[in-house]
Amino acid sequence: MGPDAADTASSKKADRFAPLTVQHLPVGGGHELYVETVGRADGIPVVYLHGGPGSGCQPDHRRLFDPLRFHAVLFDQRGAGRSRLKGSRKDNTLPHLIADMEIIRARLGFERWLVVGGSWGATLALAYAQAHPSRVSGIVLRATFLGTRDELEWTFIGGLRRFYPDLNDDFLSLLPPDERDQPLDAYWRRILDPDPAIHGPASRAWHDTERILSEHKPSKTRLDFAAVANDARGLPSSPFMEAHYFQNNCFMNPGHLLENAGRLKGIPGIVVQGRYDLLCPPSTAHALLKAWPGAKLRTVETAGHSLYDPGVKDAVVAAIEELSRI
């Protein structure tokens, strides 16, 4: 989004969403998290959890929170975005991320905060709330992902084959024939291989396939093999962190978040769900809502996975506002 005026100094001064504070917060193991706060220092505490894992927060995410009402915290998770050690998977697990959130909350002096997250951010939001329910005033989720192997197989095997059969052929063609029966394991193994000739094409193909699946109306529906093989093309960062987490079942026992949903009792929640989300389909949100009494569903009928599909961002903002007034 461009500046509101030509004068840069005036624009910065007028930017209601400019950070109040910015810091790199040490959390152990050599990791320093990029943490920024936005809004008003005496506002309603809220934390935003980005997706991926490994993608990082963006400036536009600040605009989910009314700066006149909220004291919003946005941070890049371990190894992601502007955090240090960039790209590091050392001491980088779900329990580490949950502990990091507690360090941030305590550092900022919040007794409780509203937790907002989408996709992988929804996974972390649920895991954190189940570990520390007394610290959560409410939860807003977009595109619910429970961190299970079944979900990933539905998306990258079943869903991909059914909705984008040509893309599925492209996706599989980059693997040797003897690895195509287990494409997820093959891709994760290749992405984490130290040889650039192996992890380069695999990470680009994974990233581009995931991007197509995330968009309700993607501009392209096939892999560009020349771009995938282009050594000069920069490598996306998120596939490496995703492979690390997914290869390890997101560092949870299968079904953990549903089995422990009872720990959310009494925490108000709103789940925003795109009807045509191929990465995090409505069935996942439905299963969560059955296990989390009192949570509400807001279905956006014309949307897929992206926060920027029509109606999704507005629904998230409205959900944040609604829970902040309870």
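Two residues are in contact when heavy atoms of each lie within 4.5 Å. By that criterion Val116 touches Val46, Val47, Tyr48, Leu49, Phe65, Val140 and Ile320, leaving aside residues up to four places away in sequence. The model described here is predicted. Its features include an open sheet of eight strands, a largest nonpolar core of 68 residues and a group of helices around helix H6.

**The sheet**

- The eight strands follow the order S1-S2-S4-S3-S5-S6-S7-S8, and their pairing is mixed.
- Strand S1 (19-28) and strand S8 (296-300) form the edges; each has a single partner strand, so one side of each is left without a neighbour in the sheet.
- From one strand to the next, the twist averages 20°.
- In general, the strands of a sheet pair through backbone hydrogen bonds, in either a parallel or an antiparallel manner.
- Strand S3 (residues 44-49) and strand S5 (residues 113-119) run parallel and are joined by four bridges.
- Val47 has Val115 of S5 as its bridge partner.

**Val116 in strand S5**

- Val116 belongs to strand S5.
- The relative accessible area of Val116 is 2%; this residue therefore counts as buried, a term that applies under 20%.
- Leu64 is 52 residues away from Val116 in sequence, while the two C-alpha atoms are 9.7 Å apart in space.

**The nonpolar cores**

- Within the largest nonpolar core, which has 68 residues, Trp113, Leu141, Trp206 and Trp292 touch the most other members.
- Helix H3 (residues 120-131) makes the greatest contribution to this core, giving eight residues.
- Another core, of 23 residues, lies apart from the largest one; among its members are Val38, Phe65, Leu114 and Ala315.
- Beyond residues up to four places away in sequence, Trp113 touches Pro45, Val46, Val47, Val73, Met101, Ile104, Arg105, Tyr128, Arg135, Val136, Ser137 and Gly138.

**Asp100 in helix H2**

- Asp100 is located in helix H2 (residues 94-108).
- With a relative accessible area of 1%, Asp100 is buried.
- The residues that Asp100 touches, not counting those up to four places away in sequence, are Val27, Leu33 and Arg78.

**Helix H6 and its cover**

- Helix H6 (residues 183-191) has Pro183, Leu184, Ala186, Tyr187, Trp188 and Ile191 as buried residues.
- The cover over these buried residues of H6 includes helix H4 (149-163), helix H5 (165-173), helix H7 (196-214) and helix H9 (238-247).

**Packing of helices H4, H5 and H7**

- The axes of H4 and H7 come within 12 Å of each other and cross at roughly 60°.
- This angle makes H4 oblique to H7.
- The H4 and H7 crossing is left-handed.
- Thr155, Phe156 and Leu160 of H4 make the contact with Trp206, Thr209, Glu210 and Leu213 of H7.
- H4 packs against H5 at an angle of about 130°, and the axes of these two helices are 5 Å apart.
- H4 is accordingly oblique to H5 as well.
- On the H4 side, Phe156, Ile157, Leu160, Arg161, Arg162 and Phe163 meet Pro165, Leu167, Asn168 and Phe171 of H5.
- Phe156 and Leu160 of H4 take part in the contact with H7 and also meet residues of H5.
- Trp206, which contacts H4 from H7, is one of the residues that touch the most other members of the largest nonpolar core.

Note on methods:
Residues numbered from 1 in each chain as written. Predicted model: local features only at pLDDT ≥ 70, side-chain atom pairs only at ≥ 80, totals over all residues. Heavy atoms only, no water. Pairing = 2+ DSSP bridges. Axes fitted to C-alpha atoms, helices over the stretch in contact; angles between N-to-C directions. Core = buried A, V, L, I, M, F, W, Y, C linked by side-chain atoms within 4.5 Å. Buried < 20%, exposed > 50% of the residue type's maximum accessible area, 1.4 Å probe, protein only. Parallel < 35°, antiparallel > 145°, perpendicular 65-115°, else oblique. Left-handed = near helix turned anticlockwise from the far one by under 90°.
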